[in-house]
Amino acid sequence: MKKLYSVVAATGLALALSGCGGDAVSTPVMEKEKLDEKTICNIKTNGMAAVLASAEKYNAMAKKNGLEFKRLGMTNSQYVSGSKEAMKSGAKKVVLLNKKGKATKKSVSVEYAVQRACKFAVSALTQAQTGKNTWRAAVPGDGFTY
Amino acid sequence: MLLNIVKSTALVALASCILNAGEFNAQAEKDRIALADYTVAKFKDAEKNRDNFFPYSTDAELKKNIKKGVTFEELAMGNYAFSIQGQFSYNEIKEMPPYEELIEAGEEMYNGNKAIKACFPDTTIAGDYPFFDQTKNEVVTLTSAINECLVNAGQKKWKEKKGKMPILQSYFSYQTMEAEKKVNIKIPSAKAAEAYERGKEYYYTQRGYLKLSCATCHVQGAGKRVRNESLSQLTGQTTHFPVYRLKWGKDKVANGLGTLERRMAGCIKDQGQVPPKTSSSQMKELLYFMAYMSNGMNVDGPDVRK
């Protein structure tokens, strides 16, 4: 009986330690709080400065996890820094940059840029969280059937 | 009692490792076969199976552009395996491919660099990369192996997307194709299987502000039309790299060739996200997964794309 106990204990311990047959996949470190893009990025209720602060906070997290958004050559960090500069200088517009980081002829209002920066930052994180549970639905032979 | 447990633990751990050693690629093999079956089924008869695979395509589009009965082997050609119109222009370009002189330049580069020659005595290796280095526990791509070789010899690293790197790789790829070798990616350990799984998760996860995954376009979307282009399929996607893109080479022929890392970075940008660095583990693991999906197919590079 003692031998049986020791074999059972040893098997459990060995399987836990060996990692040979495991299916473990590491997950990126991410804040577990529930983020609501519409609430966090609402300029009317929170004010522009607070929304920009949220954009900066969540974009830093997205960047750290390799999730930062980029639109037409302009990264979300550039939206954040462009909005900050515009608010500091009192400019009404944020000039859009090309993929080389140079100014284009196009611009958007500061409010628009702040809101976009915030939405991009928050949805990068929420999308990744959702994706953890949904990505298998697209794998043939797994969650995807045809 | 304690000694018995320690002894038994060691034995069971060893036995568990040995028993699983041949099965580290079991999941990957299951994925590869399921993907190949799906892709072959999709292109068996696009018109007949339109409700299932091409609900938004017009009759004319399916009839004139999607070939019937595409085989697994043909998928190594990328979207030219099924795109009738694409294949027509592809065949014309292939009569005088713009990368031919670059393969010769790659051969000169190889013969003129003692370090590279010493690191890669066999030039028919394009189908064996990326591989999982069991001592470092990380994926090694052909790009990272070349740069490591240069650094170890006291030389400067090359750029990872264009320039010398894809030119040398085009020589390796051509030699591999001439030797009629196939893509041969191995998953030798549990750590390697984990790297494969992370690459797979990256490929199938929606990302960027457009909320697209790589699979949206290249698994479920393969064969569908975006503007005037047919989207390529994941099976066979890595067999023909480095590629010469007409878009890349419009100003300078030498810039036309690009590594797989260059193409993937561009694709991820198109999803609306900042791509991972070319030498990052995220990028390497993504390429590892993609290359495994082409296992058993002929190496067919370098090649030309629009």
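These exercises work through a predicted model, with a solution after each task.

**Exercise 1. Fold of chain A**

Which elements does chain A contain, and in what order do they run?

Solution.
- Step 1: Count the elements. Chain A has 6 helices and 4 strands.
- Step 2: Read them from the N terminus. The order is α-α-α-α-β-β-α-β-β-α.
- Step 3: Check burial. Of the 146 residues in chain A, 30% are buried.
- Step 4: Check contact range. Take the contacts in chain A with a separation of 6 or more; 61% of them join residues 24 or more positions apart.

**Exercise 2. Nonpolar cores**

Find which residues of the largest nonpolar core touch the most other members, and which helix gives the most to this core.

Solution.
- Step 1: Size the core. The largest nonpolar core holds 69 residues.
- Step 2: List the residues that touch the most other members. They are B:Tyr196, B:Tyr203, B:Leu286, B:Tyr288, B:Phe289, B:Met290 and B:Tyr292.
- Step 3: Find the main contributor. Helix H13 of chain B, residues 281-293, gives the most, with 9 residues.
- Step 4: Look for another core. A core of 24 residues lies apart from this one, and its members include A:Ala55, A:Phe69, A:Val122 and A:Leu125.
- Step 5: Return to B:Met290. Leave out residues up to four places away in sequence. B:Met290 then touches B:Tyr203, B:Leu234, B:Gln237 and B:Thr238.

**Exercise 3. Packing of H8(B) on H9(B)**

Is H8(B) roughly parallel or roughly perpendicular to H9(B)? Work out the geometry, then the contact.

Solution.
- Step 1: Take the geometry. Helix H8 (residues 142-152) and helix H9 (residues 164-178) of chain B pack at about 110°, with axes 11 Å apart.
- Step 2: Apply the cut-off. Angles of 65 to 115 degrees count as roughly perpendicular, so H8(B) is roughly perpendicular to H9(B).
- Step 3: Assign the hand. H8(B) passes H9(B) in a right-handed crossing.
- Step 4: Name the residues. From H8(B) come B:Leu142, B:Thr143 and B:Ile146. They meet B:Met165, B:Leu168, B:Gln169 and B:Phe172 in H9(B).
- Step 5: Sort by class. The contact has 5 nonpolar, 2 polar and no charged residues.

**Exercise 4. Surroundings of H8(B)**

Which residues in H8(B) are buried, and what do they pack against?

Solution.
- Step 1: List the buried residues. They are B:Leu142, B:Thr143, B:Ser144 and B:Ile146.
- Step 2: Find the partners. The buried residues of H8(B) pack against strand S2 (138-140), H9, helix H12 (260-270) and H13 of chain B.
- Step 3: Look past the helix. B:Gly154 follows H8(B), with a positive phi near 80°.

Methods
Residues are numbered from 1 along each chain as its sequence is written. Chains are lettered from A and ligands numbered from 1 in the order in which they are written. This is a predicted model: local features need pLDDT of at least 70, side-chain atom pairs count only at pLDDT 80 or more; totals for chains, interfaces and linings use all residues. Helices (H or I, at least four residues) and strands (E, at least two) are DSSP runs, numbered from the N terminus. A residue is buried if 20 or more other C-beta atoms lie within 10 Å of its own, exposed if 12 or fewer, and partly exposed in between; C-beta atoms are placed from the backbone. Two residues are in contact if their C-beta atoms, placed from the backbone, lie within 7 Å. A nonpolar core is a set of buried Ala, Val, Leu, Ile, Met, Phe, Trp, Tyr and Cys residues joined through C-beta atoms within 7 Å. Axes are lines fitted to C-alpha atoms, for helices over the stretch in contact, and angles run from 0 to 180 degrees between N-to-C directions. Angles under 35 degrees count as roughly parallel, over 145 as roughly antiparallel, 65 to 115 as roughly perpendicular and the rest as oblique. A crossing is left-handed if the near helix is turned anticlockwise from the far one by less than a right angle, and right-handed if clockwise. Ala, Val, Leu, Ile, Met, Phe, Trp, Tyr, Cys and Pro count as nonpolar, Asp, Glu, Lys and Arg as charged, and the others, Gly among them, as polar.
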